Amino acid sequence: MLNKILDFFQNEIKQPSQELTDQQRRLASAALLIEVATIDHKFDQKELSSLSLLLKENFSLSDEECTELTELAKAERDNSTSLYQFTQLVNQHCSHQEKFNLLKDMWTVAYADGNLDKYEEYIIRKVADLIHMAHGDFIRAKHESRDHT
């Protein structure tokens, strides 16, 4: 009996529940979008609106849930020393298409204020590399986002 209990806990630790995985994916995505919005030291209303709309659409969140996720992601991003903790979660829990959509969303936030800053482009390029996206996907996401803004 004791071995069965031990096995159960070891399996739960090795394989997190789907709910935890979804929460981690949401938090990682939100933190990376916030990184794009704040990298130029200007987090204006257009970028915040764009970010909120993307989070609501992508994760079917209410206004309150979106606000909570945004605040939590800001705090996590502020306390992190690198993007690795977020990109690692994306790599572990996202498909190629989800990664591509994240890149498109990052470009959408970058374009939201009408001014693409060189640091915004730099951070998107860095994330694309860290989540193992090909340069062609990076460019395609940029063009698709720019065409829809």
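Helices here, numbered from the N terminus, are DSSP runs of at least four residues, and strands are runs of at least two. On that count, this protein comes to eight helices and zero strands. What you're looking at is a predicted model. Read along the sequence, the pattern is simply α-α-α-α-α-α-α-α. Of the protein's 149 residues, 40% count as buried.

**How the chain comes together**

- Take the contacts between residues at least 6 apart in sequence: 74% of them join residues at least 24 apart.
- Phe 86 gives you a taste of that, since Phe 86 and Gln 24 are 62 residues apart in sequence but 8.7 Å apart in space, going from C-alpha to C-alpha.

**The nonpolar core**

- The largest nonpolar core has 38 residues.
- Which residues have the most contacts inside this core? They are Leu 32, Leu 55, Leu 103, Met 106 and Ile 124.
- Helices H2, H3, H4, H5 (84–93), H6, H7 and H8 each give two or more residues to this core.
- H2 provides the largest share of the core, with nine residues.
- Ile 124 is a good one to click on: setting aside neighbours within four places in sequence, Ile 124 is in contact with Val 36, Leu 103, Met 106, Trp 107, Ala 110 and Phe 138.

**A closer look at Phe 86**

- You'll find Phe 86 in helix H5.
- Is Phe 86 buried or exposed? Its relative accessible area is 2%, so Phe 86 is buried, as the cut-off for that is under 20%.
- Leaving out residues up to four places away in sequence, Phe 86 touches Ala 28, Ala 31, Leu 32, Glu 76, Arg 77 and Ser 80.
- One of those partners, Leu 32, is also among the residues with the most contacts inside the largest nonpolar core.

**Aromatic rings**

- A search of the whole structure turns up two aromatic pairs.
- In one of them, Trp 107 and Tyr 111 are stacked, with 5.9 Å from centre to centre and 25 degrees between the planes.
- Both of these residues lie in helix H6, where Trp 107 and Tyr 111 are four residues apart, or about one turn of the helix.
- Trp 107 is buried, with a relative accessible area of 0%.
- Tyr 111 has a relative accessible area of 13%, so Tyr 111 is buried too.
- Which residues do the ring pairs link into a cluster? Trp 107, Tyr 111 and Phe 138.
- Trp 107 and Phe 138 should ring a bell, as both are on the contact list of Ile 124.

**The largest pocket**

- The largest pocket holds about 230 Å³ of space.
- Its lining is made up of Gln 23, Arg 26, Leu 27, Leu 61, Glu 65, Glu 68, Leu 69 and Leu 72.
- Helix H2 (18–38) and H4 are the elements that give two or more residues to this lining.
- H4 makes the largest share, with four residues.
- By type, the lining splits into four nonpolar, one polar and three charged residues.

**The second largest pocket**

- This pocket has a volume of about 190 Å³.
- Arg 25, Ser 29, Leu 33, Leu 55, Asn 58, Phe 59, Cys 94, Glu 98, Asn 101, Leu 102 and Asp 105 line the second largest pocket.
- Two or more of the lining residues come from each of H2, H3 and helix H6 (96–111).
- How many residues does H6 give to this lining? Four, which is the most from any element.
- The lining here divides into five nonpolar, three polar and three charged residues.

**Two loop residues with a positive phi**

- Most residues other than glycine have a negative phi.
- Ser 60 goes the other way: it isn't a glycine, yet its phi is positive, at about 50 degrees.
- Where is Ser 60? In the loop between helix H3 (45–59) and helix H4 (63–79).
- Ser 60 has a relative accessible area of 65%, so Ser 60 is exposed.
- His 132 also has a positive phi without being a glycine, with a value near 60 degrees.
- His 132 sits in the loop between helix H7 (118–130) and helix H8 (135–147).
- With a relative accessible area of 62%, His 132 is exposed.

How values were computed. Residues numbered from 1 in each chain as written. Predicted model: local features only at pLDDT ≥ 70, side-chain atom pairs only at ≥ 80, totals over all residues. Heavy atoms only, no water. Buried < 20%, exposed > 50% of the residue type's maximum accessible area, 1.4 Å probe, protein only. 1 Å grid on protein atoms, 1.4 Å probe; cavity = no way out; pocket = protein on both sides within 12 Å on 5 of 7 lines; lining within 4 Å. Points joined across faces, edges and corners; volume = space filled by probe spheres on them. Nonpolar A, V, L, I, M, F, W, Y, C, P; charged D, E, K, R; others polar. Core = buried A, V, L, I, M, F, W, Y, C linked by side-chain atoms within 4.5 Å. Contact = heavy atoms within 4.5 Å. Phe/Tyr/Trp six-rings, centres within 6.5 Å; stacked < 30°, edge-to-face > 60°.
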